[in-house]
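Visitor: I'd like to learn how to read a structure like this one feature at a time. Could you walk me through it?

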Amino acid sequence: MLELKFIRNNPEIVRADLRKRGDAEKLAWIDDLLEKDERSRKMQTELNVMRNRRNVINREINETRKAGGDIAPLLEEAKTLPSKIKEYEKEIEEINAKIKFYRMRIPNILHESVPVGKDDTENVEVKRWGEPKVPAYEIKNHGELLIEKGLADFERATKISGSGFYILKGNAALLDLALQRLALDMLTERGFTTILPPFMMNRAAYEGVTDLADFENVMYKIDGDDEFLIATSEHPMAAMYMNEIFEEKQLPLRLAGVSPCFRREIGSHGLDTKGLFRVHQFNKVEQFIYCMPEDSWKMHEELLKNAEDFFRTLGLPYHVVNICTGDIGTVAAKKYDIEVWMPREQSYREVVSCSNCTAYQSVRLNIRVRDAHDFETKHFLHTLNSTAVATTRTVRAIIENYQEEDGTVVIPEALRKYMNGAETL
């Protein structure tokens, strides 16, 4: 979330950003937030005076009694002070709760390079790599092809878990694991530490990472427990340092999270609705960086390059799009998507999301860095995240882009060492 002092000192920047996003509801919150902030600070000052008065009034009563003075007014004041203090405390608590409600939902300030647009149709292509495959023969549905080869079972997965789940077998399962290993090996060489995080998070930690009110409808809640199944390893990696202070020499900290991801969403759009593209559970390797604010835009480009290098290593054609104001969401200040070419649809589909969240998550999570020149001064650091690989979507892309006319699927050379040397699926 945004620092309160930033909103207080820069209300027009916040308003302009909300206008750019077309978010009239939150724009209407700003005046009320500022009024409540001023009221809260004024009342807090008055409350501090009353608390101090409560601490000294008994001494004044004793001194006045000894001097033979009239203590009745002081006794009356001592009698009424506790109730007035409670009234102030209650009102301040209510006001601050509303301020927090606003701050938890007001989105991050967008980078100036974010294009203005109403939805994903107005995202802007910034680069393209590879030659999109336009086959002279029909590309088989990846789900049906996996079933034909005995490498996947959707019916039994539905029987035991419901629709939107799958079972991978044999070389398809190894292909999923091979993608994870390739990504982890590449990131390890580039200074990332592999993280295997918890697959469940409590509400307090999750609310520190993202706007849970917006995200909760796609998450799985553990019935009877204060736990959610993670939607991405970004979330536990962001929360693992909540309420902690870094030293500058510890940054940047590069992490590579590997985990299953659990999401309620399941797509009905696209050519192939049955298969691996949008499912309730999938494996993903996620890049995450904690860094100094002055380094975060350089780090954003680094994360994007890592993801691009991964898909270039696989030989999969893709393009990169700069996500527009109507599609970017709450947390990121700027986001790139990498979309890989899918020959059956003859279109690009998203496989990577790469975001600079600036200080938005660190403020929510209270993660700071100590100033190297002033021990007492602490600043909120910046956090960034990017997919390295979401395996199921990439499996589909490989099956379509490497599928030959007879249905044979060639395994990209970079993956074969992780698959016992297999050359085809």
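Guide: We'll go from the whole chain down to a pocket and a few single residues. Keep in mind that this is a predicted model.

Visitor: Fine by me. What secondary structure does the chain come to?

Guide: There are 14 helices and 15 strands in the chain. As for extent, the C-alpha atoms fill a box of roughly 110 × 45 × 40 Å along the principal axes.

Visitor: How many residues does the chain have, and what percentage count as buried?

Guide: Buried here means under 20% relative accessible area. The chain has 425 residues, and 51% of them count as buried. On the outside, the accessible surface is about 20100 Å², with 48% belonging to carbon and sulfur atoms.

Visitor: And what share of the contacts joins residues 24 or more positions apart?

Guide: For that, take the contacts with a separation of 6 or more: residues 24 or more positions apart account for 73% of them.

Visitor: Let's zoom in. Which residues is Ala172 in contact with, leaving aside its neighbours within four places in sequence?

Guide: Those are Leu146, Leu151 and Leu425. Ala172 is found in helix H8, which covers residues 170-189, and it is buried, with a relative accessible area of 1%. For a C-alpha distance, try Lys149: Ala172 and Lys149 are 23 residues apart in sequence and 9.7 Å apart in space.

Visitor: Now pockets. Which residues lie nearest the centre of the second largest pocket?

Guide: Leu2, Phe6, Thr358, Ala359 and His382 do, out of 15 lining residues. The volume of this pocket is about 310 Å³. Helix H13 (360-365) and strand E14 (374-380) each supply at least two residues of the lining.

Visitor: What does the lining look like by class?

Guide: The lining has ten nonpolar, four polar and one charged residues.

Visitor: Thr358 came up there. What is the sign of its phi?

Guide: Phi of Thr358 is positive, near 40°, in a residue other than glycine. Thr358 sits in the loop between strand E12 (347-356) and H13.

Visitor: Which other residue has a positive phi although it is not a glycine?

Guide: Asn243 has one, at about 65°. Asn243 is placed in the loop between helix H11 (234-239) and E7.

Visitor: Are these two buried or exposed?

Guide: Thr358 counts as buried because its relative accessible area is 12%, under the 20% cut-off. Asn243 counts as exposed because its relative accessibility is 54%, over the 50% cut-off.

Visitor: While we're on backbone geometry, where is a cis peptide bond?

Guide: Look at omega: a value of about 0° goes with the cis peptide bond that joins Leu251 and Pro252. Pro252 lies in the loop between strand E7 (245-247) and strand E8 (253-262).

Visitor: Last topic, cysteines. How many disulfides does the structure hold?

Guide: Zero. Cys261, for one, is in no disulfide, and the nearest cysteine sulfur, that of Cys357, is 16 Å away. Cys261 is also buried, with a relative accessible area of 0%.

Visitor: Why is the sulfur of Cys354 without a bond to the closest cysteine sulfur?

Guide: A disulfide needs the two sulfur atoms within 2.5 Å. The sulfur of Cys354 is too far for a bond because the closest cysteine sulfur, in Cys357, is 9.8 Å away. Cys354 counts as buried too, at 0% relative accessibility.

Key. Residues numbered from 1 in each chain as written. Predicted model: local features only at pLDDT ≥ 70, side-chain atom pairs only at ≥ 80, totals over all residues. Heavy atoms only, no water. 1 Å grid on protein atoms, 1.4 Å probe; cavity = no way out; pocket = protein on both sides within 12 Å on 5 of 7 lines; lining within 4 Å. Points joined across faces, edges and corners; volume = space filled by probe spheres on them. Helix = DSSP H or I, 4+ residues; strand = E, 2+ residues; numbered from the N terminus. Nonpolar A, V, L, I, M, F, W, Y, C, P; charged D, E, K, R; others polar. Buried < 20%, exposed > 50% of the residue type's maximum accessible area, 1.4 Å probe, protein only. Contact = heavy atoms within 4.5 Å. Areas by Shrake-Rupley, 256 points an atom, 1.4 Å probe, with all protein chains shown as cover.
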